[in-house]
Every structure is written in C-alpha cells, then in structure tokens.
Amino acid sequence: MAKVGTFPLADAGYWAYQGYMDVKTQPHLAALKTALQTLKDSGADSFEGLLAAVLSEVCGQLFRVASSGSQRGRDGDSAFDEGATYFEAKLYEDSVPQAAVSGKIVDLANDDKGQVDTWILCATSPVSSQHADKYRGSLAAIGIGCLILDWPPGTLPPLAVLLAMAAPRVERFVQDHSQDPSAVPWLLRWRDAPGRDNRRT
C-alpha cells in the first residue's frame with residue numbers, strides 16, 4: 001500500500017482542514033487551478049499523468065496511468081504492490097457529477113480481485129459531502145478505503161495541498177504539457193501558499 005491513510009499522503013486532507021486560508025493565498029490557488037485546467041484530461045501527458053507523477057513522489061513508489069479502454073474503476077494505480085492503490089482524476093471546473101464517479105466504483109466492484117486497499121479521488125472542483133459519504137460507503141462495502149482530495153471553496157483545497165508536497169514536479173509538468181502556456185506564468189508563485197496558511201495556528 002502506498003502509505004495512503006497514514007503519513008504522508010493523508011496529510012493532504014488533514015492539513016487542508018487545520019489551517020486558515022489567508023486572503024493572500026486565494027489568487028495563488030486560482031492561478032494554480034487555471035494552470036491545471038490547461039492540461040489534457042487523459043493520457044500520460046495530462047492531468048492523470050500529473051497525478052501519477054505527484055503520487056509517485058509523495059508516496060515513494062511508482063504510480064502509472066492506466067491505458068485506454070476498460071480501466072477497472074481507475075485512471076491509474078501503484079505499480080509495485082499489485083495495484084493496491086487506485087486513483088481517479090477528475091478535471092472539472094464545476095462540481096463533479098455523481099454519475100461520473102459512481103460508475104467507476106461500480107466498475108471496480110464488478111471486477112474486484114481483492115488487491116485494492118485504497119481508492120483516491122482527485123478533483124479540481126468540489127465533491128459534496130453527500131456524494132463523498134456515498135462513495136466511501138460503497139467502497140467500504142467491498143473493503144476498500146476512500147481518500148477524497150478535491151477543491152472545496154473557502155478552505156485550503158486538499159488537492160492543492162497534495163500538489164504543494166511535490167511543487168517543483170508540478171511546475172515542470174504543467175510548463176511542459178500545458179495546452180495554453182499563456183495561462184501558466186503565475187504558477188511559480190503558488191508554491192508556498194498552502195504551507196504558509198497551515199503555519200497560522
């Protein structure tokens with residue numbers, strides 16, 4: 001298992017809800033989200049590829065992007081533990097539709113071989129508490145933990161905290177693969193924003 005639910009990856013969720021978001025952080029987070037939206041949504045050079053790279057660095061083991069076609073309920077997984085950790089990438093501007101996630105969980109449940117410990121939902125938009133409860137309940141019923149790293153308003157987004165844990169890699173990846181380089185210049189200024197806010201306790 002890729003240290004999900006324990007240090008370090010669960011810190012992305014924990015610290016996001018411990019600190020206060022300084023108003024000075026908001027434009028940096030907005031710039032980061034804008035830059036993320038310039039990535040493609042699938043493939044190794046896309047938002048999926050970015051998450052695989054970040055999870056690899058944060059968790060200390062390789063994550064890979066799933067090939068096209070039947071993906072068994074994930075966009076990527078951990079490589080050296082028989083895929084014990086799955087991740088799903090949702091690059092949205094608005095709230096993530098429930099059907100877009102529930103279908104992946106159904107696919108996983110129908111093809112579950114018992115090796116998956118944790119399923120991570122990474123989204124650039126909010127996941128409602130009602131939907132989050134449904135996802136966690138559905139996965140718990142088949143013995144799989146669920147970690148949701150989304151982008152809720154008014155607080156430090158858990159996904160942004162995860163990305164800040166591998167900030168140089170995020171910057172290089174977005175600069176290399178953005179479909180709109182003009183949207184990226186402010187990217188370098190977001191790096192310290194989540195950490196700065198979380199030190200205000």
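Q: Which residues does Ile-144 touch, not counting residues up to four places away in sequence?

A: In this predicted model, Ile-144 touches Leu-108, Asp-112, Val-116, Asp-117, Thr-118, Trp-119 and Leu-139 once residues up to four places away in sequence are set aside. Ile-144 itself belongs to the loop between helix H5 (129–140) and E5. With Trp-119, one of those partners, the C-alpha separation is 6.9 Å, although the two residues stand 25 residues apart along the chain.

Q: Is Ile-144 buried or exposed, and why?

A: The assignment rests on relative accessible area, with buried meaning under 20%. Ile-144 counts as buried because its relative accessibility is 3%.

Q: Before going further into single residues, how many helices and strands does the protein chain have, and in what order do the elements run?

A: The secondary structure comes to eight helices and five strands, and from the N terminus on the elements follow the order α-α-α-β-β-β-α-β-α-β-α-α-α. Of the 201 residues in the protein chain, 52% are buried. Among contacts with a separation of 6 or more, 69% are accounted for by residues 24 or more positions apart. The chain exposes about 9200 Å², and carbon and sulfur atoms supply 51% of that area.

Q: Which residues touch the most other members of the largest nonpolar core, and which elements give two or more residues to it?

A: That core holds 33 residues, and those touching the most other members are Leu-36, Phe-47, Leu-50, Val-54, Leu-159 and Leu-163. Two or more residues come from each of helix H2 (26–36), helix H3 (47–59), strand E3 (85–90), strand E4 (118–123), strand E5 (145–149), helix H6 (158–164) and helix H7 (167–177). H3 gives the most to this core, with eight residues. Apart from it lies another core, of 16 residues, which includes Tyr-86, Val-96, Val-116 and Val-127.

Q: With which residues is Leu-36 in contact, leaving aside its neighbours within four places in sequence?

A: With those neighbours left aside, Leu-36 is in contact with Leu-50, Leu-91, Thr-124, Trp-151, Leu-163 and Val-174.

Q: How should one read the buried residues of a helix, and which residues of H7 are buried?

A: As a general idea, an α-helix has 3.6 residues a turn, so residues three or four places apart point the same way. In H7 the buried residues are Ala-167, Val-170, Glu-171, Phe-173 and Val-174, and the buried residues of this helix pack against H2, H3 and H6. Within H6 one finds Val-161, which counts as buried at 6% relative accessibility; its C-alpha atom is separated by 8.8 Å from that of Leu-149, 12 residues apart along the chain.

Q: What describes an aromatic pair, and how many such pairs does the count come to here?

A: A pair of aromatic rings is described by the distance of the centres and the angle of the planes. Here the count comes to one aromatic pair. The rings of Phe-63 and Phe-87 have centres 6.3 Å apart and planes at 50 degrees, so the pair is tilted. Because Phe-63 lies in strand E1 and Phe-87 in strand E3, the pair ties together parts that are 24 residues apart in sequence. Both Phe-63 and Phe-87 are buried.

Q: Where does the charged end of Arg-74 sit, and with which side chain does the side chain of Arg-74 make a polar contact?

A: The charged end of Arg-74 sits over the ring of Tyr-86, 4.8 Å from the ring centre, while the side chain of Arg-74 makes a polar contact of 3.0 Å with the side chain of Asp-77. Arg-74 is placed in the loop between strand E1 (63–65) and strand E2 (76–78), and this residue is buried, with a relative accessible area of 14%. Leaving aside neighbours within four places in sequence, Arg-74 is in contact with Ala-66, Tyr-86, Phe-87, Glu-88 and Lys-104.

Q: Where is Ser-178 found, and which residues is it in contact with beyond its neighbours within four places in sequence?

A: Ser-178 is found in the loop between H7 and helix H8 (193–198), and its contacts beyond those neighbours are Thr-38, Leu-39 and Val-184. A polar atom of the Ser-178 side chain lies 3.0 Å from the backbone nitrogen of Asp-180. With a relative accessible area of 13%, Ser-178 is buried.

Terms used. Residues numbered from 1 in each chain as written. Predicted model: local features only at pLDDT ≥ 70, side-chain atom pairs only at ≥ 80, totals over all residues. Heavy atoms only, no water. Buried < 20%, exposed > 50% of the residue type's maximum accessible area, 1.4 Å probe, protein only. Polar contact = N/O pair within 3.5 Å; in protein donor to acceptor, adjacent residues only side chain to side chain. Contact = heavy atoms within 4.5 Å. Core = buried A, V, L, I, M, F, W, Y, C linked by side-chain atoms within 4.5 Å. Phe/Tyr/Trp six-rings, centres within 6.5 Å; stacked < 30°, edge-to-face > 60°. Lys NZ or Arg CZ within 6 Å of the ring centre and 35° of its normal. Areas by Shrake-Rupley, 256 points an atom, 1.4 Å probe, with all protein chains shown as cover.
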